[in-house]
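Me: Please take a close look at one part of this structure, and then connect that part to the rest of the chain. A formal, continuous account would suit me best.

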Amino acid sequence: MSTEKNYREQVKHRVTTLNEFIIERQNEFPYAKGELSRLLSHIGLAAKIVNREVNKAGLVDILGEIGAVNVQGESVKKLDVFADEKFINALQASSECCGIASEENKDIVIFDTEVAKKGKYIVTMDPLDGSSNIDVNVSIGTVFSIYRRISQTGHKAELQDFLQEGTRQVAAGYILYGSSTVLVYTTGRGVNGFTLDPSIGEFCLSHPNMKVPDSGQFYSINEGNYVHFPLGVKRYIKYCQVYDKQTNRPYSTRYIGSLVADFHRNMLKGGIFIYPAIEGYPNGKLRLLYECNPIAFLIEQAGGKASDGMDKRIMDIIPTSLHQRVPFFIGSRSMVETAETFMREAEEEEKNKKSI
Ligand code: AHG
Ligand code: MN
Ligand code: MN
């Protein structure tokens, strides 16, 4: 092969790194170009640092619980704390972010420097999702959302900056620390995924323009809670299990217990993930700001759907508190719509029974 042809071949097969991609696409963004790019790059950097710790978690004394309990009343793992710190440090270093709300912290974390006060963005995040899977070498993740602040720049961030509906997200994404490490994000112009190449330490574009199939073979739900589910969910599960040639049923259950991992599989293969209200927990378990809104933004950008199961679009919910939870139905559009129909019909039926 001639040298020139050789060179052309190389260029054709050249990988696009996350940072290159962010810069290439920054013109699509309506606001000042470099700011969001810097923020996203810093998130990519923190992801690499957390990934390094995740990979060696079995070797160093970072496994297990530290005995503390987070604001959700759940035990905090060492790696949760580590990830929380790394992302907070990276976002502070970007100089574009004036504060963070994290699942691990009771209150918002405000960056109180003169530079940070000028930052136009706030971030909400679940630094380590699926933490019960850390000790057993099963996939875990990080989820984040970026919003423009509402309060005036030059001052400290305020609570109102964090209580914005999901439709106001300017970017969102997740990192999945799985058999390989993948970073998936959107700025509202489609969804793109990057796989970390450990040999060069770069996230490389591997899943351009991701689209979720309209239907799929998987339903993901913690069936251990079955007896406490609403009637509509119980019936939908039975529907998933019944043979039907036309809709390719029965579906298979896949449930990892890490939302990021369950979601990523369903996004690629087609499927539905449900964390419904359960008896005693009318809003389910998942948090609107840290888990549901970012994942909902991604699925909508990929052509899918996210709702509370009763036709309320997740991204339209106006948050009233930081750690608010919400029932969550997400995935392939036609599967979510079918589940919603079961929910509506069951609710109607129960209402009618009460009125008799
Ligand atoms: P986190 O580790 O951030 O607390 O999140 C765990 C979440 C989510 O990742 C997963 O889908 C769900 O909790 C699993 O809950 P159950 O064990 O109740 O099924
Ligand atoms: Mn989580
Ligand atoms: Mn978490």
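Me: Is Ser37 buried or exposed, and what is its relative accessible area? Please continue from there to the metal site.

Reply: In this predicted model, Ser37 is buried, its relative accessible area being 6%. That value counts as buried because the cut-off is under 20% relative accessible area. The residue belongs to helix α3, which covers residues 33-55. When neighbours within four places in sequence are left aside, Ser37 is in contact with Ile22 and Gln26.

The metal site can be described ion by ion. The manganese ion (ligand 2) is coordinated by Asp126 (OD), Asp129 (OD) and Glu291 (OE), at 1.9 to 2.2 Å. Along the chain, these donors follow the spacing D-x2-D-x161-E. Asp129 lies in strand β5 (residues 121-129) and Glu291 in helix α9 (residues 288-301), so the pair ties together parts that are 162 residues apart in sequence. Asp129 and Glu291 are both buried.

The manganese ion (ligand 3) has as its protein donors Glu103 (OE), Asp126 (OD) and Leu128 (O), which lie 2.2 to 2.5 Å from the ion. Their spacing along the chain is E-x22-D-x1-L. Here, too, distant parts of the chain are linked: Glu103 is in the loop between β3 (97-102) and β4 (109-110), Asp126 is in strand β5, and the two are 23 residues apart. Glu103 is buried, with a relative accessible area of 5%. For Asp126, which is buried as well, the value is 0%. The manganese ion (ligand 3) and the manganese ion (ligand 2) are 3.8 Å apart, and Asp126 coordinates both.

At the level of the whole chain, the protein is divided into domain 1 (3-207) and domain 2 (218-355). Taken over C-alpha atoms, the centres of domain 1 and domain 2 are separated by 25 Å. Contact between them involves 50 residues of domain 1 and 33 residues of domain 2.

The surface offers a further feature. Val136, Val138 and Ile256 form a nonpolar patch there, with about 220 Å² of accessible area together. Of these residues, Ile256 is placed in the loop between β12 (252-253) and α8 (259-269). Ile256 counts as partly exposed, at 33% relative accessibility, whereas Ser37, where this account began, is buried at 6%.

How values were computed. Residues numbered from 1 in each chain as written. Chains lettered and ligands numbered in written order. Predicted model: local features only at pLDDT ≥ 70, side-chain atom pairs only at ≥ 80, totals over all residues. Heavy atoms only, no water. Donors = N, O, S within 2.8 Å, 3.2 Å for Na, K, Ca; no water. Helix = DSSP H or I, 4+ residues; strand = E, 2+ residues; numbered from the N terminus. Buried < 20%, exposed > 50% of the residue type's maximum accessible area, 1.4 Å probe, protein only. Contact = heavy atoms within 4.5 Å. Patch = residues over 30% accessible without salt bridge, like charges linked within 9 Å, V, L, I, M, F, W, Y side chains within 5 Å. Areas by Shrake-Rupley, 256 points an atom, 1.4 Å probe, with all protein chains shown as cover. Salt bridge = Lys/Arg side-chain N within 4 Å of Asp/Glu carboxyl O. Domains from an automatic or database assignment.
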